[in-house]
Amino acid sequence: MVKPEPITMRINLIDGSTRVFEFDPDSEDRLAFSGRAGEVLVERRIAVQLEDRMIVIPAERIDSIEFFPGPEVAPEGVFANAREIR
């Protein structure tokens with residue numbers, strides 16, 4: 001079985017700093033993983049469990065969140081097949 005490609009999550013904060021995390025999700029979990037981004041809006045925070053600690057970032061501090069590579073199928077509510085032109 002081929003190991004799925006890791007997912008990188010880049011969190012751009014409103015103070016201009018950036019936090020970058022890498023995950024090794026199961027292949028079945030890739031779509032669910034990308035769908036978690038929407039949960040930030042509901043829960044008003046993003047939490048990341050690391051080997052030695054957990055990081056919680058309040059949504060008020062987040063400017064944007066990027067995931068790459070993107071999922072093969074976009075989760076519900078996501079504009080798919082877009083191109084950034086500016």
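This report walks through the fold, the sheet, the core and one buried polar residue of a predicted model.

## Overall layout

Let's start with the chain as a whole. Its secondary structure amounts to five strands and one helix. Read from the N terminus, these elements follow the order β-β-α-β-β-β.

Of the 86 residues in the chain, 22% are buried. The accessible surface is about 6800 Å², and carbon and sulfur atoms hold 51% of that area. If you are interested in contact order, take the contacts with a separation of 6 or more: 52% of them join residues 24 or more positions apart.

## The three-stranded sheet

Three of the strands form an open sheet in the order E2-E1-E5, and the pairing is antiparallel. E2 and strand E5 (62-68) are the edge strands, each pairing on one side only. On average, neighbouring strands in this sheet are turned by 15 degrees against each other, with direction ignored.

The pairing of E1 with E5 is antiparallel and runs over six bridges. To find your place in the viewer, look for Met-9, which stands opposite Phe-67 in E5.

## The nonpolar core

Met-9 also belongs to the largest nonpolar core, a set of 12 residues. The other members are Ile-11, Leu-13, Phe-21, Phe-23, Val-40, Ile-46, Val-48, Ile-55, Ile-57, Ala-59 and Ile-62. Two or more residues each come from strand E1 (7-13), strand E2 (18-23), strand E3 (45-49) and strand E4 (54-58). E1 is the top contributor, giving three residues. Such a grouping fits a general pattern: in soluble globular proteins, nonpolar side chains tend to be buried together.

Ile-57 is a handy core residue to click on. Setting aside neighbours within four places in sequence, Ile-57 is in contact with Ile-11, Leu-13, Ile-46 and Ile-62, and also with Arg-19 and Arg-45.

## A buried asparagine

Which residue makes a side-chain polar contact with Thr-18? The partner is Asn-12, and the two side chains come to 3.4 Å in this contact. Asn-12 lies in strand E1.

Is Asn-12 buried or exposed? Its relative accessible area is 15%, so Asn-12 counts as buried, the cut-off being under 20%. Beyond its neighbours within four places in sequence, Asn-12 is in contact with Ser-17, Thr-18, Arg-61, Ile-62, Asp-63, Ser-64 and Glu-66. Ile-62 is thus a residue to look at twice: Asn-12 is in contact with Ile-62, and Ile-57 is in contact with Ile-62 too.

Terms used. Residues are numbered from 1 along each chain as its sequence is written. This is a predicted model: local features need pLDDT of at least 70, side-chain atom pairs count only at pLDDT 80 or more; totals for chains, interfaces and linings use all residues. Side-chain values use heavy atoms; hydrogens and water are left out. A nonpolar core is a set of buried Ala, Val, Leu, Ile, Met, Phe, Trp, Tyr and Cys residues joined through side-chain atoms within 4.5 Å. Buried means under 20% relative accessible area, exposed over 50%, partly exposed in between (1.4 Å probe, protein chains only). Helices (H or I, at least four residues) and strands (E, at least two) are DSSP runs, numbered from the N terminus. Contact means heavy atoms within 4.5 Å. A polar contact is a pair of N or O atoms within 3.5 Å; within protein, one must be able to donate a hydrogen and the other to accept it, and residues adjacent in sequence count only if both atoms are side-chain atoms. Two strands pair if DSSP finds at least two bridges between them. Axes are lines fitted to C-alpha atoms, for helices over the stretch in contact, and angles run from 0 to 180 degrees between N-to-C directions. Accessible areas come from the Shrake-Rupley method with a 1.4 Å probe; for residues, only the protein chains shown count as cover.
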